[in-house]
Amino acid sequence: MRRRFHLGALAGLAVIATGMVSVAAMARSPQHRPEAPVPALDVAAFQNQAAQYVGKPVRIQGCYITSANSGGADCAAFRIADLPGQVDWNGTVPLDGPTMEEASLRRAQQICGDTGQQERCRAEVSGVVYDPFGDMGVQGQRNFELRNVRIHWLAQSAPQAAGRQAPVRHATR
């Protein structure tokens, strides 16, 4: 009987000691610090402030995805006075295609290949600010872009069945 109690007591002490070691180890481990919020900018603010965010993630709000192809796309802002058929960009942020999230690039190529302002291409984008000319050692004017981009689509595109047309309704007399 004593032996069983002795082994049981030792096992209990071992569990308690292990728990205390784990708690002590956790107390010594560095605390997890919450990540700083990602700055949210519009296209104009990005063009003015991009240099301070090189190598850091940002979110660009209020743009339209345009000119999408295998090399990438643009996050474009349009002037209020734009007329149909005329492109009057307020500015663009180039989005790097080779590093873009695959699903984002695929959808952009399917629906946003032209330069126009289309409601279905309204989006926000998040990515890391990159300075390609700075990396090449070019001095002077910079042309910042976003890499590792993910497009957050704001307009839902309605799936259309191939060859299916909406029913035509005729007026009745």
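1. A residue counts as buried here when its relative accessible area is under 20%, as exposed when that area is over 50%, and as partly exposed in between. By that rule Cys75 is buried, because its relative accessible area is 0%. The model discussed in this note is a predicted one, and the points below should be read with that in mind.

2. On the overall layout, the protein has four helices and six strands, and these elements follow one another from the N terminus in the order α-β-α-β-β-β-α-β-α-β. Of its 173 residues, 31% count as buried.

3. Strand β5, which covers residues 122-130, deserves attention at the outset, since seven of its nine residues are buried and the strand is therefore largely enclosed by the rest of the structure. On one side of the account, six bridges join β5 to strand β2 (residues 57-69), and these two strands run antiparallel; on the other, seven bridges join β5 to strand β6 (residues 145-153), again in an antiparallel arrangement. Val125 can be used to follow both pairings, as this residue of β5 is the bridge partner of Ile60 and has Ile151 as its bridge partner in β6.

4. How many disulfides does a search of the whole structure find? The search finds two, and with bonded cysteines counted along the chain they follow the pattern 1-2, 3-4. One of them links Cys63 and Cys75, whose sulfur atoms are 1.8 Å apart, and the link is left-handed, with -100 degrees about the S-S bond. Cys63 belongs to strand β2 and Cys75 to strand β3 (residues 72-78), so this disulfide ties together parts that are 12 residues apart in sequence. Cys63, like its partner described in the opening point, is buried, with a relative accessibility of 0%.

5. A disulfide also joins Cys112 to Cys121, with an S to S distance of 2.0 Å, and this link is left-handed as well, with -110 degrees about the S-S bond. Both ends are covered: Cys112 counts as buried at 0% relative accessibility, and Cys121 counts as buried at 1%.

6. The search of the whole structure also finds one aromatic pair. The ring centres of Tyr64 and Phe78 are 5.8 Å apart and the ring planes stand at 75 degrees, so the pair is edge-to-face. Because Tyr64 lies in strand β2 and Phe78 in strand β3, the contact ties together parts that are 14 residues apart in sequence. Tyr64 is buried, with a relative accessible area of 13%, and Phe78 likewise counts as buried at 13% relative accessibility.

7. Side chains of opposite charge can pair when their charged atoms come close. Six salt bridges are found in a search of the whole structure, among them one between Arg59 and Glu124, where the closest N and O atoms are 2.9 Å apart. Arg59 sits in strand β2 and Glu124 in strand β5, so this pair ties together parts that are 65 residues apart in sequence. Is each partner buried or partly exposed? Arg59 counts as partly exposed at 26% relative accessibility, whereas Glu124 is buried, with a relative accessible area of 16%.

8. A salt bridge within a helix is formed by the side chains of Arg106 and Glu102, at 3.4 Å from N to O. Both residues lie in helix α3 (residues 102-111), four residues apart, which is about one turn of the helix. Arg106 counts as partly exposed at 42% relative accessibility, and Glu102 counts as exposed at 59%.

9. Arg122 forms a salt bridge with Glu119, the closest N and O atoms being 2.6 Å apart; Arg122 is partly exposed at 28% relative accessibility, and Glu119 is partly exposed with a relative accessible area of 45%. In addition, Asp96, Glu145 and Arg147 are joined into one network by salt bridges that share partners.

10. Two further places may be worth inspecting in the model. Phe133, Met136 and Val138 form a nonpolar surface patch, with about 260 Å² of accessible area together; Phe133 is located in helix α4 (residues 132-135) and is partly exposed, with a relative accessible area of 32%. Gly91, in strand β4 (residues 89-96), counts as buried at 10% relative accessibility, and its C-alpha lies 8.8 Å from that of Arg79, a residue 12 positions away in sequence.

Methods: Residues are numbered from 1 along each chain as its sequence is written. This is a predicted model: local features need pLDDT of at least 70, side-chain atom pairs count only at pLDDT 80 or more; totals for chains, interfaces and linings use all residues. Side-chain values use heavy atoms; hydrogens and water are left out. Patches are made of residues with over 30% relative accessible area and no salt bridge: like charges are joined within 9 Å, nonpolar side chains (Val, Leu, Ile, Met, Phe, Trp, Tyr) within 5 Å. Accessible areas come from the Shrake-Rupley method with a 1.4 Å probe; for residues, only the protein chains shown count as cover. A salt bridge is a side-chain nitrogen of Lys or Arg within 4 Å of a carboxyl oxygen of Asp or Glu. Buried means under 20% relative accessible area, exposed over 50%, partly exposed in between (1.4 Å probe, protein chains only). Two strands pair if DSSP finds at least two bridges between them. A disulfide is a pair of cysteine sulfur atoms within 2.5 Å. Rings of Phe, Tyr and Trp (its six-membered ring) pair if their centres lie within 6.5 Å; planes under 30 degrees apart count as stacked, over 60 as edge-to-face and the rest as tilted.
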